[in-house]
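Please look through the sequence and the structure shown below before reading on. The briefing that follows goes through its topics one by one.

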Amino acid sequence: MINRLSSEAPRFAADDAMTITDLLPSTDSPDVSLVTGRLNGLHAPRVNHRSAKVYLLLSGSLTARTPAKEVSLEPRDLLMVHPGEEVTLEGDDADLVIVCSPGFDPADEKETQAD
């Protein structure tokens with residue numbers, strides 16, 4: 001069993017808009033990873049070639065864009081991004097839970113060019 005207090009979890013900036021708290025890194029469980037995120041602004045377009053990501057919006061607002069679709073999320077809405085699918089996120093005081101399966105590996109994710 002793994003037990004980690006949020007106050008003890010590592011925090012880092014993913015970019016200028018997104019701050020991550022790494023609650024369950026893939027080093028603890030390669031099958032799944034779990035982070036919380038705080039998003040204010042634009043999180044650049046990116047694609048993860050191996051893992052599916054599930055985003056649960058806890059508070060604030062979030063807009064997600066793929067090349068084919070744009071969706072607006074409200075608190076308690078869920079977004080799933082499949083492996084290989086490009087997504088751009090834009091948040092306004094957005095607090096998120098992000099689950100990645102298999103667990104997140106930075107080598108699998110590439111930032112893509114904004115249109």
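In this predicted model, strand E4 (52-65) is joined to strand E5 (residues 70-73) by a hairpin that passes through four residues. The two strands run antiparallel, and four bridges join E4 to E5. One of the pairings can be named, since Ala64 has Val71 in E5 as its bridge partner.

**The enclosed cavity**

- By the counting rule used here, there is one cavity of 30 Å³ or more, and the volume of the largest cavity is about 60 Å³.
- The lining of the largest cavity is made up of Arg46, Val47, Asn48, Ser51, Lys53, Tyr55, Val81, His82, Glu85, Val87 and Glu109.
- Two elements, strand E3 (33-48) and strand E4 (52-65), are the ones that give two or more residues to this lining, and the largest share, three residues, comes from E3.
- When the residues lining the largest cavity are sorted by character, four are nonpolar, three are polar and four are charged.

**The open pocket**

- The largest pocket holds about 380 Å³ of space, and of the 19 residues that line this pocket, Phe12, Ile20, Val35, Lys53 and Phe104 are the closest to its centre.
- At least two residues of the lining of the largest pocket are supplied by each of strand E2 (18-24), E3, E4 and strand E7 (87-101), with E3 giving the most, four residues.
- The lining of the largest pocket divides into 11 nonpolar residues, four polar residues and four charged residues.
- Lys53 can be found in the lining of the largest cavity, and Lys53 is also listed among the residues closest to the centre of the largest pocket.

**Glu109, a residue of the cavity lining**

- Glu109 lies in strand E8 (residues 109-111), and Glu109 is one of the residues that line the largest cavity.
- Is Glu109 buried or exposed? Glu109 counts as buried because its relative accessible area is 13%, and the limit for that label is under 20%.
- The side chain of Glu109 makes a polar contact with the side chain of Lys53, at 2.7 Å, and the side chain of Glu109 makes another with the side chain of Asn48, at 3.3 Å.
- Leaving aside residues up to four places away in sequence, Glu109 touches Arg46, Val47, Asn48, Lys53 and Phe104; among these, Arg46, Val47, Asn48 and Lys53 also belong to the lining of the largest cavity, while Phe104 is listed among the residues closest to the centre of the largest pocket.

**Asp28, a residue of a loop**

- Asp28 is found in the loop between E2 and E3, and these two strands are among the elements that each supply at least two residues to the lining of the largest pocket.
- Asp28 counts as partly exposed because its relative accessible area is 31%, which falls between the limits of 20% and 50%.
- Which residues does Asp28 touch, not counting residues up to four places away in sequence? Asp28 touches Ile2 and Arg4, and the side chain of Asp28 makes a polar contact with the side chain of Arg4, at 2.7 Å.
- Asp28 and Gly103 are 75 residues apart in sequence, and in space the C-alpha to C-alpha distance between Asp28 and Gly103 is 9.2 Å.

Key:
Residues are numbered from 1 along each chain as its sequence is written. This is a predicted model: local features need pLDDT of at least 70, side-chain atom pairs count only at pLDDT 80 or more; totals for chains, interfaces and linings use all residues. Side-chain values use heavy atoms; hydrogens and water are left out. On a 1 Å grid over the protein atoms alone, a cavity is a set of points where a 1.4 Å probe fits but cannot get out, and a pocket is an open set with protein on both sides within 12 Å along at least five of seven lines; lining residues have an atom within 4 Å of a point. Grid points are joined across faces, edges and corners, and a volume is the space filled by probe spheres set on the points. Ala, Val, Leu, Ile, Met, Phe, Trp, Tyr, Cys and Pro count as nonpolar, Asp, Glu, Lys and Arg as charged, and the others, Gly among them, as polar. Buried means under 20% relative accessible area, exposed over 50%, partly exposed in between (1.4 Å probe, protein chains only). A polar contact is a pair of N or O atoms within 3.5 Å; within protein, one must be able to donate a hydrogen and the other to accept it, and residues adjacent in sequence count only if both atoms are side-chain atoms. Contact means heavy atoms within 4.5 Å. Two strands pair if DSSP finds at least two bridges between them.
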